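Here is a quick tour for someone meeting this protein model for the first time. Have a look at it, then read on.

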Amino acid sequence: MTTKSAAAAARATVYGYPRQGKNRELKKAVEGYWAGTVTAEALRTTAAGLRGETWRQLAAAGVGEVPTGDFSYYDQVLDTTVMVGAIPPRHRAAVAADALDGYFAMARGTQDAPPLEMTKWFDTNYHYLVPELGPDTVFTADSGKQTAELREALALGLTPRPVLVGPVTYLLLAEPAPGVPAGFDPLTLLDRLLPVYAEVLADLRAAGAEWVQLDEPALVQDRTPAELNAAARAYRDLGALTARPKLLVASYFDRLGEALPVLAKAPVEGLAVDFTGSAAANLGELAAAGGLPGKRLVAGVVDGRNIWVDDLERSLGTLGTLLGLADRVDVAASCSLLHVPLDTAAERDIDPQILRWLSFARQKTAEIVTLARGLTHGTGAIAGELAANRAARSSRAASPITRDPAVRARTAAVTETDAHRSEPYGVRTVAQRTRLGLPLLPTTTIGSFPQTGELRTARAELRAGRIDSAAYEKRIEAEIRDVVDFQEKAGIDVLVHGEPERNDMVQYFAERLTGYLATRHGWVQSYGTRYVRPPILAGDISRPEPMTVRWTAYAQSLTSRPVKGMLTGPVTMLAWSFVRDDQPLADTARQVALALRDEVHDLEAAGSSVIQVDEPALRETLPLRAADQPAYLAWATEAFRLTTAGVRPSTQIHTHMCYADFGDIVQAIDELDADVISLEAARSHMRIARELAAHGYPREAGPGVYDIHSPRVPTTEEIVRLLRAGLQAVPAERLWVNPDCGLKTRGLPETRASLRNLVAAARTVRAEV
Ligand code: GLN
Ligand code: ZN
């Protein structure tokens, strides 16, 4: 290999950018459109303005090729569904009547047509709308959105590179449409889909695109030989087209593995490959495969999913190695910058000494440009940037926030026994039964009660200084009294305090733990117009004082029934935060677990006989590759046990999970060694209960019998039916009766009616067993 390619100037590029705008203008415009206060025209103008601003900023920063088509009113996978004409029959009339309204109807549903299902985009916190396909699906090309955005960027004098979800990933993300047998494999539609992609590519070429990016992140997951063959065929066919732009096939979120040689051999002009985190293995695998002679390599060296400044010297090292492996090497983030906030400059409350450790989309763009310059002109050309980068990184490494000796000593001293209950479940359950005296099929809820407008107002008033904390706490106490009183009257057995003091189940704890950082404007799209502000696990984690005891103890003082203490578990704390990149996740999880363990002990000391530690995110951070999953599950379950295992045998530990199919991690659920688990199950008619039973799960379980995702009040008879189904899988002595999840998004009247029906159903079924 020669290094002559070093002479070709390396370009800086990005695959996608946050869409919302500095002040979340997009959210406001879209929601305004839904509410009827913003016209379609005004929405389009706002959107075009945001795109233009992003592109101009990227170009001004030195990005050579700007992405187009990555913008979305709601979701890029839904945009792809429109592009290939795969509109579900139930939405066709709406789409035909008005494309924009039809688009939102697919995303959000209408009175008579439910929306597409939504699920997580790989292991990120972004959610996409799942394509619904079947043997009758007919694809038709609609390149309108893509060509229009391309023309907008061309009109600004820029070099645009349209970004599309690739055909293989599109099909692999799809599900059989309603009514289509579950065994239907959408990948069988590939031959029908490729001509549509060919047409879109031809349109983009005709409209002036030199390169088009096709995103194939599904190829970083374990793939069958048939799926790899499909990928090979797709790119052989698309590569063989004559009227087409140059093709850049992009992968991210993990290593390509067996898909790497497939793509390397494909007749496409370029590959974009992730070299960060667990994808770093791509480097060795690329070298082993003989590199990409004759191709363009876009190297994702800056972590697109985290918020830490890059290690520029290390990235330059990686890029230098890659120069020998491809015809041309360009520089990018590992994935779209959609998954990080926009700009650290907006964070006025973070100490400037710490702020310089952080890098959001705008700063990452600058890092990419710097690296491209360094790669082209040598390190001398970026000496100033390298010095600043080194200084920022060493200030972080040396900071007492980063390393707290007390926390380190404590984590180092953790032993096997700390993560194990003192007695096996068989002994604990007897002690717990005696202490709690619950009926068969005990009833409980998952934690939160409806978050009323008054509560949100109270929080806003506290923040604004219009009320003091004493007044705020009075309001929280009043809310707790209402919630406890209702539960007692309704006849619920294990009560909750209702979580009125919590804005968010992760943020609440993050704000109370040392080592965590909160942002003011660090919004990241979760789905549609919903944005979250993940806190940052910035340093070593410790708990300066109890976080929840005051509220749980207050609730307990109002009733003789047990009130569950309520905490967010360590894995979920990590999953919904930005994590450290300077130590293994397992170490961070351990620190968080020890801080939570202190809270568990304080709750127990204050009289809690039941403590719930929620882990809804346990399944969602499961690594994409099966080979990496056992190690993850080992530290994740250990962190949960470290949080909970120090309690007395008579103290009952609950956990809760939702949002996903847990069928494939039942073994890990078992390893949590929680006394009781509640799970989402109402919609799947207790499937998880059957899966637990099939595994031989030995402890108590509450598969949800009330679907809290809808305002609908389930009838007593319906809940009775679900409970009888539950009893087929879980014996009566071990079955709990509870909703699917917390009630914070529900209205008060429907919640009360539903819970009364739930208690009535439990009583009916109790009489039968
Ligand atoms: N205890 C939390 C609640 O009830 C659990 C939320 C969740 O599972 N996402 O709100
Ligand atoms: Zn839940």
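## Two domains meeting

Let's start where the two parts touch: 14 residues of domain 1 are in contact with 10 residues of domain 2, contact meaning that their C-beta atoms, placed from the backbone, lie within 7 Å. On the domain 1 side, the touching residues come as five nonpolar, four polar and five charged. In this sorting, Ala, Val, Leu, Ile, Met, Phe, Trp, Tyr, Cys and Pro are nonpolar, Asp, Glu, Lys and Arg are charged, and the others, Gly among them, are polar.

Domain 1 covers 12–398, and domain 2 is made of 425–504 + 548–767; these bounds come from an automatic or database domain assignment. Taken over C-alpha atoms, their centres are 36 Å apart.

## How far to trust it

This is a predicted model, where local features need pLDDT of at least 70 and side-chain atom pairs count only at pLDDT 80 or more, while totals for chains, interfaces and linings use all residues. Residues are numbered from 1 along each chain as its sequence is written, with chains lettered from A and ligands numbered from 1 in the order in which they are written.

The chain has a mean pLDDT (the predictor's confidence in each residue, from 0 to 100) of 96, with 99% of its residues at 70 or more. Residues 1–6 stay under 50. The model's scores are ipTM 0.99 and pTM 0.95.

## Overall build

The chain holds 28 helices and 20 strands, counted as DSSP runs (helices: H or I, at least four residues; strands: E, at least two) and numbered from the N terminus. Its radius of gyration is 27 Å, close to the 27 Å that the globule rule gives for 769 residues, so the chain is as compact as a globular protein of that length. That radius is taken over C-alpha atoms, and the rule is 2.2 Å times the number of residues to the power 0.38.

## Ligand and annotated sites

Which residues are closest to ligand 1? They are Ile446, Gly447, Ser448, Pro616 and Gly742, out of 13 that surround the ligand, each with its C-beta atom, placed from the backbone, within 6 Å of it. The shell divides into six nonpolar, four polar and three charged residues.

An unreviewed UniProt entry places a "binding site" at Arg24, Glu25, Leu26, Lys27, Lys120, Asn125, Trp576 and Glu620. Their farthest two C-alpha atoms are 29.5 Å apart, so they do not all gather at one spot. UniProt positions follow the numbering used here, feature names are shortened, and annotations may be inferred rather than shown by experiment.
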